[in-house]
Amino acid sequence: MKKTAIVTDSNSGITQAEGKERGIFVLPMPFMIDEVPFLDDVNLTHEEFYEKLLAGSDVVTSQPSPESVTSLWDEILKDFDEIIHIPMSSGLSGSCHGAMVLSEDYKGKVHVVDNVRISVTLRQAVKDAQELLTAGKTAPQIKEILEADKLNCSVYIMLDTLYYLKKGGRITKAAAMLGTVLKIKPVLQIQGDKLDAFAKARTAGQGKTTMINAIRNDMVNRFGGESEEFVNLHIAHSNSPDEALLLKAELENIFPGMPIVMNPLSLSVACHIGPGALAIAVTKKLLKG
């Protein structure tokens, strides 16, 4: 039986320390902050990232260099026979396509998964890959299963501010100003490879209700039901752990007995939406029992 390694990138939210503990290789995503290069969780902590973001620094996401990808693969293949590489969504970054092109030189030893996931849903895909590997699936089989399952997830994100969407050119200055005056709490959604508007709320409470109703609808109408048997439920946040804990308590009352996993949103998402965001995500359970 082949010895298989699992690789993801830091968009999964899996830290270098957690990766080592779980036997997962994590490729750090690069950032340019005020034209200075940084690597997520290598020489840039979440705390430092938000300090720079709030201070008005120019934060630009990037994708790993070909050399950083191939050097990691080459090092791994000294001890493993093959690699399952699960990068962030191909619709939100060019890193997935880049990895696919690079893998062509590895003669079937590197299997790049394009399952359009990011942040907590990408984290779940990595967990699923580990479980599939334990269940005896081969690398090509795991790639096929994860890609077939790619649309069985939803993410809803309530923003605290429109400033960063405006800064990134995703909305106009006038729209941002109007939204700020009206104290609108926009709710965005990630379905597949797109980050889109979903709803507008006038209060945080309305925004939470909007997300919860959307998640419940997806559970019932897309993923089989409102229980641990059918789905995995996640909470994520951008530098707002206390608010995330309150949201977690609300969800525990609404979905009693449902395990709820809470993690920070990946920095690549946070730099576009800013601090103070709350997210609820659901993924259809891939392996039951």
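Which order do the strands of the open sheet of four strands have? Load the model and look for strands 2, 1, 6 and 7: the order is 2-1-6-7, and the pairing is parallel. What you have open is a predicted model, with a mean pLDDT of 89 for the protein. Of its residues, 92% reach 70 or more.

**Stop 1: the four-stranded sheet**

Select residues 24–27 for strand 2 and residues 110–112 for strand 7. These two strands stand at the edges of the sheet. Each has a single partner strand, so one side of each is left without a neighbour in the sheet. Neighbouring strands here are turned by 25° against each other on average, direction ignored.

Now add residues 82–86, which form strand 6. Strand 6 pairs with strand 7 in the parallel sense, over three bridges. To find your place along this pair, pick His-85; opposite it, in strand 7, stands Val-112.

**Stop 2: helices across that sheet**

Keep the sheet on screen and select residues 120–134, helix 5. Helix 5 lies across strand 1 (4–9), strand 2 and strand 6. Its direction is at about 180° to strand 1.

Next select residues 139–148, helix 6. Helix 6 lies across strand 1, strand 6 and strand 7, and runs at about 5° to strand 7.

Hide the strands and keep helix 5 and helix 6. How far apart are the axes of helix 5 and helix 6? They are 10 Å apart, and the two helices pack at an angle of about 140°. Helix 5 and helix 6 are therefore oblique to each other. The crossing in which helix 5 passes helix 6 is right-handed. Show side chains for the residues that make the contact: from helix 5, Ala-125, Asp-128, Ala-129, Leu-132 and Leu-133, and from helix 6, Ile-142, Ile-145 and Leu-146. Coloured by class, this contact of helix 5 with helix 6 shows seven nonpolar residues, no polar ones and one charged residue.

**Stop 3: helix 3 and helix 4**

Select residues 66–76 for helix 3 and residues 95–103 for helix 4. Their axes come within 11 Å and cross at roughly 55°. Helix 3 and helix 4 are therefore oblique to each other. Helix 3 passes helix 4 in a right-handed crossing. On the helix 3 side the contact is made by Pro-66, Val-69, Thr-70 and Trp-73; on the helix 4 side, by Ala-99, Leu-102 and Ser-103. Five residues in this contact of helix 3 with helix 4 are nonpolar, two are polar and none is charged.

**Stop 4: the three-stranded sheet**

Which order do the strands of the open sheet of three strands have? The order is 4-3-5, with antiparallel pairing. Select residues 36–39 and 59–61 to see the edge strands, strand 4 and strand 5, each of which pairs on one side only. In this sheet, neighbouring strands are turned by 30° against each other on average, direction ignored.

Then select residues 30–33, strand 3. Three bridges join strand 3 to strand 5, and the two run antiparallel. Pick Met-32 and look across to strand 5, where Val-60 stands opposite.

**Stop 5: helix 9 and helix 10**

Select residues 204–221, helix 9, together with residues 241–254, helix 10. The two pack at an angle of about 45°, with their axes 12 Å apart. That makes helix 9 oblique to helix 10. Their crossing is right-handed. Show Lys-208, Ile-212 and Arg-216 in helix 9, which meet Leu-247, Glu-250, Leu-251 and Ile-254 in helix 10. By class, the contact of helix 9 with helix 10 has four nonpolar and three charged residues, and no polar ones.

**Last stop: a stretch with low pLDDT**

Finally, select residues 169–179, over which pLDDT stays under 50. For this stretch the model has 14 contacts beyond four places in sequence. Where pLDDT is low, the predicted coordinates should not be read in detail.

Conventions. Residues numbered from 1 in each chain as written. Predicted model: local features only at pLDDT ≥ 70, side-chain atom pairs only at ≥ 80, totals over all residues. Heavy atoms only, no water. pLDDT = per-residue confidence, 0-100. Contact = heavy atoms within 4.5 Å. Axes fitted to C-alpha atoms, helices over the stretch in contact; angles between N-to-C directions. Parallel < 35°, antiparallel > 145°, perpendicular 65-115°, else oblique. Left-handed = near helix turned anticlockwise from the far one by under 90°. Nonpolar A, V, L, I, M, F, W, Y, C, P; charged D, E, K, R; others polar. Pairing = 2+ DSSP bridges.
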